[in-house]
Amino acid sequence: MIRVLVAEDHAVVRGGLVELLGAADDVDVVATAADGDAALAKVRELRPDVVLMDISMPNTGGIEATASIADFDSDVRVVMLTAFSDRDRVVAALDAGAVGYLLKDAEPAELLGAIRAAARGEAPLAPRAARELLAARSEERHAELSKREREVLALVAEGLPNKLIARRLEISEKTVKTHLTNVFQRIGVTDRTQAALWAQRHGVNADSAG
């Protein structure tokens, strides 16, 4: 039996979630909470398996409450359930310790499946949330590249071999190889073709590199 805490400030929505989850044979709603402070108190008291957490709540919000729950007991799996799919909230929630991120327009079967997945140790993400997370992580990797690494990557995207890149940038071939090794690691690719495609997707070119 999966023991679930529902944290949601709207009484009608909270009641609907309790009714939906209570109809499942393998889910037991052990408590509800109307704000983040109450959610944290219930977690400390009951140690549920999964917390279904709204983001926008009075007093302590869902993201702050999630961080407190993660600090208290990382085995409690928090799944966000919210109307918001913007990048900042998705990243903030997952960085705070949430293992999943669902939207309130999810189908009942999707919601139940996500709770079961979270209880198994998986990370259920709504497709829109997953896209925003991937885009944010790509931007972070792009920002981690040094000016010289972006220059080398831009020339790789143009199809230049190491020898010509070295000549163009007035550095040694060995230095080019070192930069490429660093670039591959930072952007998560394993060869020049993948690096070139990544550069094209993220707008890394001679103009942006300079």
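This section describes the fold, the nonpolar cores and selected residues of a predicted protein model.

The protein chain contains 11 helices and five strands. Its radius of gyration is 23 Å, well over the 17 Å given by the globule rule for 210 residues, so the chain is more spread out than a compact globule. The C-alpha trace spans about 70 × 30 × 25 Å along its principal axes. Of the 210 residues, 44% are buried. Contacts were also examined by separation along the chain. Among those between residues at least 6 apart in sequence, 63% join residues at least 24 apart.

The surface and the charges were considered next. The exposed area of the protein chain is about 10,600 Å². Carbon and sulfur atoms supply 49% of that area. The chain carries 26 positive and 33 negative charges. The mean positions of these two sets lie 10 Å apart.

The largest nonpolar core has 24 residues. Val51, Met53, Ile69, Val78, Met80 and Tyr101 touch the most other members. Several elements build this core. At least two residues come from each of β1 (2-7), β2 (27-33), α2, β3, α3, β4 (77-82), α4 and β5 (100-103). Another core, of 21 residues, lies apart from it. Its members include Ala154, Leu155, Leu160 and Leu180.

Val78 illustrates the packing in the largest core. Neighbours within four places in sequence are left aside here. Val78 then contacts Val51, Met53 and Ile69, which are also among the core residues that touch the most other members. Thr66, Ala98, Val99 and Gly100 are in contact with Val78 as well.

Helix α4, one of the contributors to the largest core, covers residues 87-96. Val90, Val91, Ala93, Leu94 and Ala96 are buried within this helix. Gly97 follows α4 and has a positive phi, near 125°.

Positive phi values also occur at residues other than glycine. Arg47 is one of them, with a phi of about 50°. Arg47 sits in the loop between α2 (36-46) and β3 (50-53). Its relative accessibility is 44%, so Arg47 counts as partly exposed. Asn59 has a positive phi near 60°. This residue belongs to the loop between β3 and α3 (62-72). Asn59 is exposed, because its relative accessible area of 63% is over the 50% cut-off.

Two leucines link distant parts of the sequence. Leu20 lies in helix α1, which covers residues 11-22. Its C-alpha is 9.4 Å from that of Leu111, although 91 residues separate the two in sequence. Leu20 touches both Pro108 and Leu111, when residues up to four places away in sequence are not counted. With a relative accessibility of 25%, Leu20 counts as partly exposed.

Ala195 is part of helix α10, residues 192-201. Its relative accessibility is 0%, so Ala195 counts as buried. Residues up to four places away in sequence aside, Ala195 touches Leu153, Phe184, Ile187 and Val189. Asp26 is 169 residues from Ala195 along the chain. The C-alpha atoms of Ala195 and Asp26 are separated by 46 Å.

Notes. Residues are numbered from 1 along each chain as its sequence is written. This is a predicted model: local features need pLDDT of at least 70, side-chain atom pairs count only at pLDDT 80 or more; totals for chains, interfaces and linings use all residues. Side-chain values use heavy atoms; hydrogens and water are left out. Helices (H or I, at least four residues) and strands (E, at least two) are DSSP runs, numbered from the N terminus. The radius of gyration is taken over C-alpha atoms; the globule rule is 2.2 Å times the number of residues to the power 0.38. Buried means under 20% relative accessible area, exposed over 50%, partly exposed in between (1.4 Å probe, protein chains only). Contact means heavy atoms within 4.5 Å. Accessible areas come from the Shrake-Rupley method with a 1.4 Å probe; for residues, only the protein chains shown count as cover. Lys and Arg count as positive and Asp and Glu as negative; His and the chain ends are not counted. The place of a charge is taken as NZ of Lys, CZ of Arg, CG of Asp or CD of Glu. A nonpolar core is a set of buried Ala, Val, Leu, Ile, Met, Phe, Trp, Tyr and Cys residues joined through side-chain atoms within 4.5 Å.
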